[in-house]
Amino acid sequence: MFGTVLVANRGEIARRVFRACRALGLRTLAVYSEADRGALHVRDADAAVEIGGAPARESYLNAERILEAAREAGADAIHPGYGFLSESWRFAEAVQRAGIVFIGPRPDAIRKMGDKIQARRLMSAAGVSVLPGSFDAVADVAGAEAIAREVGYPIILKAAAGGGGIGMARVDKPGDLGAAFAAANRRAQAAFGTGELYVERYLERPRHVEVQVFGDDAGTVVHMHERECSIQRRHQKLVEESPAPGLPAATKTGLTAAAVAGARAIGYTNAGTMEFLVDESGGFYFLEMNARLQVEHPVTEEVTGLDLVVAQLRAAAGEPLPWPQSEIVQRRAAIECRVYAEDPSKGFLPSPGTVQRLELPSGDGIRIESGVEAGSTVSVHYDPLLLKLIAYGATRAKAIERLADALDRCTIEGVRTTLPFLRRVVASAEFRQGRVHTQMLEQGAFNA
Amino acid sequence: MPEEIKAHITGVVFQITTKPGDRVAAGDAVIVLESMKMEIPVEAPRAGAVKEIKVQEGQTVQEGDVVAVLE
């Protein structure tokens, strides 16, 4: 096992990883930007190194500076958290070259899954169903048109280097393809440095269901069941839960088997998530793989009773998986709500500022992962996630009851938050009946 | 009548999408701000010509700051 673990991240996820390190008796090292001098995650760690200016590219995306900090402070492992450098195969490779352990999958697996077209090809070859569409980048509008004619409209254009919904465009008819292609190409170029696009059939009202997988160096891969994450804005999740309500048994079995087969096919190690879209008849299609720890991993932890981050540390140290598939059981229901500094009444516009007051619930079946306290500054430079509220219980109904109560007992002042929206979701008949799909927000569900 | 276009949110100027003299329609993005990983266009409130851009790429602006002026 390692001596010192550097966490190349901030906010709640840095604190979550530190907690796992402490559980294993490991020394913790924080890195932070100028803007985060007073941040909670800095005080949480045994030691901390300032790595640069407030903009992420000067600090949390500055791989060289982070490696330097690791060497200076004698860290022998780096956990990337999520976002920032977590899915940069170049960073993972640089960490390894520096003689430091990267706590995550091998660079090669990150690279394969980061190229979304290659991921489609690899998964399809492994027998995992993917949406009809292109298996190569489409060179131009004519190329996109040919594929679109084959698979039928509506289609969706996606960036090969994509993720997080950037550079995606729905196209309903051939006449719209030219403009949409140009716009998506420009957006992808600006965000990822490559404008490569591919085409997939667009599904109406699908559910987003994902499967947590975990692999070790010996080649064992297990799944840790599914998470339902359909309630999203801008293709980013707001509410996640497990088990997925009302998921047909055959779909669930198919999903988990496909996730394991896909991960095994690329020799996946450590924690990862296979994301799928599920259509109204229970058919499912591979969407992408997130080669890292997910924001919503606590849902799986509360359902299975297993600690994913401790397992990540152990697996990265070369230990075999601590649990066989048969011991990974959904023991109860858990639901997570993401509390962002965003104004739901203004289209989820970011709301930077200072948290003036923060009161959080506690009690049976409540878990909170927070990166802020009263007095914390919510900067324009980073993702606006303030905290995650997780409720669990023996049944989904019990988890919902606890969640509704916990949301009512949250008070955050100083910045606008998604709390009012989350309360409306949890009170809604659609959510309570598990009748959710990924386009609900755009269609005005849960409006005040 | 010149009209000031103000930022509706605190953020960093990500991209300047127009220049003085450009004609814009109501709702066109004059500049794009970045805040908390989101790109947020600051839109022209009415049609007109851009008279002046008051900010530079990379600059931090506060909510209510004037970012551009329409003729």
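Which residues form one aromatic cluster with F84(A)? Let's work through that and one more exercise. This is a predicted model, in which local features need pLDDT of at least 70, side-chain atom pairs count only at pLDDT 80 or more, and totals for chains, interfaces and linings use all residues. Residues are numbered from 1 along each chain as its sequence is written, and side-chain values use heavy atoms, without hydrogens and water.

**Exercise 1.** Find the cluster partners of F84(A) and describe how they pair.

Step 1. The cluster joins F84(A) with Y60(A) and Y382(A).

Step 2. Rings of Phe, Tyr and Trp (its six-membered ring) pair if their centres lie within 6.5 Å; planes under 30 degrees apart are stacked, over 60 edge-to-face, and the rest tilted. Y60(A) and Y382(A) sit 5.5 Å centre to centre with 80° between the planes, an edge-to-face pair.

Step 3. These two tyrosines are 322 residues apart, each in a loop of chain A.

Step 4. Buried means under 20% relative accessible area, exposed over 50%, and partly exposed in between (1.4 Å probe, protein chains only). Y60(A), at 0%, is buried, and Y382(A), at 2%, is buried as well.

**Exercise 2.** Locate the salt bridge across the interface of chain B and chain A.

Step 1. Look for a side-chain nitrogen of Lys or Arg within 4 Å of a carboxyl oxygen of Asp or Glu.

Step 2. The rule finds one such bridge across this interface: R187(A) with E39(B), the closest N and O atoms being 3.0 Å apart.

Step 3. For context, contact (heavy atoms within 4.5 Å) involves 11 residues from chain B and 15 from chain A.

Note on methods
Chains lettered and ligands numbered in written order. Helix = DSSP H or I, 4+ residues; strand = E, 2+ residues; numbered from the N terminus.
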